[in-house]
Amino acid sequence: MSFAPTRLRRRHFLARAAITATITATATATAAVSGIAAIARAATPTPTPTPTGAKLKSMVPTLSKAAVGYIDIPHGGEVCGACIWFKPPSPGSTTSHCHLVAGPISAGGWCQAWMQRSAAA
Ligand code: SF4
């Protein structure tokens, strides 16, 4: 009586199960990230025309940093400081904010809702 074939089959089965679980977990995580990005894009109002002045000032930031993939570093050449939604620090403050994203942000940060601010804005 030999145990080798059974052990090999069991090892083979366990290895395949581990690989399948890894692939499933990766696919699920990828779908979740992709889903979050889609939700953020859908939740991001399209500025048509771009809100300015009082309308822009009256906007209440409602999106979480996680929902829009906010990071505290630039993304390529895109930074919060050059975004139409960026709120520079108030006089006497050093904290920047955003018209869309709740909480303090960095002028050198970035998120998926980034839109180039025009030179006139
Ligand atoms: S990049 Fe995102 S967090 Fe930064 S100002 Fe624009 S909308 Fe706000």
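In which segment is Met115 found? Met115 is found in the segment after β2 (97-98), and the views below place this residue and several others within a predicted model.

**Figure 1. Overall organisation of the predicted model.** The protein has 121 residues, of which 16% count as buried. Its secondary structure consists of two helices and two strands, arranged along the sequence in the pattern α-α-β-β. Contacts between residues 24 or more positions apart make up 74% of the contacts with a separation of 6 or more.

**Figure 2. Confidence across the elements of the protein.** The mean pLDDT of the protein is 76, and 56% of its residues reach 70 or more. Among the elements, helix α1 (residues 4-43) has the lowest mean pLDDT, 55, whereas β2 has the highest, 96. Where pLDDT is low, predicted coordinates should not be read in detail.

**Figure 3. The shell of residues around the ligand.** The ligand is surrounded by 15 residues. Cys80, Cys83, Trp85, Cys98 and Cys111 are the closest of them. By character, the shell divides into 14 nonpolar residues and one polar residue, with no charged residue.

**Figure 4. The largest nonpolar core, with Cys111 and its contacts.** The largest nonpolar core contains 16 residues. Within this core, Val68, Cys98, Val101 and Cys111 touch the most other members. Apart from its neighbours within four places in sequence, Cys111 is in contact with Val68, Gly69, Tyr70 and Val101; Val68 and Val101 also appear among the core members that touch the most others. Cys98 and Cys111, listed with them in the core, are among the residues closest to the ligand. In soluble globular proteins, nonpolar side chains tend to be buried together.

**Figure 5. Surroundings of Gly109 in the segment after β2.** Gly109 counts as buried because 24 C-beta neighbours lie inside 10 Å. Beyond its neighbours within four places in sequence, Gly109 is in contact with Tyr70, Ile71, Asp72, Ile73, Val79 and Cys80. One of these contact partners is Ile73: the C-alpha atoms of Gly109 and Ile73 are 4.4 Å apart, while the two residues are 36 residues apart in sequence. Cys80, another partner of Gly109, is one of the residues closest to the ligand.

**Figure 6. Lys65 in the loop between α2 (53-58) and β1 (86-87).** Lys65 is partly exposed, because 17 other C-beta atoms lie within 10 Å. Leaving aside neighbours within four places in sequence, the contacts of Lys65 are Tyr70, Val101 and Gly103. Gly103 is 38 residues from Lys65 along the chain, with a C-alpha separation of 8.1 Å. Tyr70 and Val101 are in contact with Cys111 as well, and Tyr70 is also in contact with Gly109.

**Figure 7. Val60, in the loop between α2 and β1.** Val60 is exposed, because just 7 other C-beta atoms lie within 10 Å. Val60 and Cys98 are 38 residues apart in sequence, and their C-alpha atoms are 9.1 Å apart in space. Cys98 belongs to the largest nonpolar core and is among the residues closest to the ligand.

**Figure 8. Met115, in the segment after β2 (97-98).** Met115 counts as partly exposed because 16 C-beta neighbours lie inside 10 Å. In sequence, Met115 and Glu78 are 37 residues apart; in space, their C-alpha atoms are separated by 8.6 Å.

Definitions and conventions:
Residues numbered from 1 in each chain as written. Predicted model: local features only at pLDDT ≥ 70, side-chain atom pairs only at ≥ 80, totals over all residues. Core = buried A, V, L, I, M, F, W, Y, C linked by C-beta atoms within 7 Å. Buried ≥ 20, exposed ≤ 12 C-beta atoms within 10 Å, placed from the backbone. Contact = placed C-beta atoms within 7 Å. Near = placed C-beta within 6 Å. Nonpolar A, V, L, I, M, F, W, Y, C, P; charged D, E, K, R; others polar. Helix = DSSP H or I, 4+ residues; strand = E, 2+ residues; numbered from the N terminus. pLDDT = per-residue confidence, 0-100.
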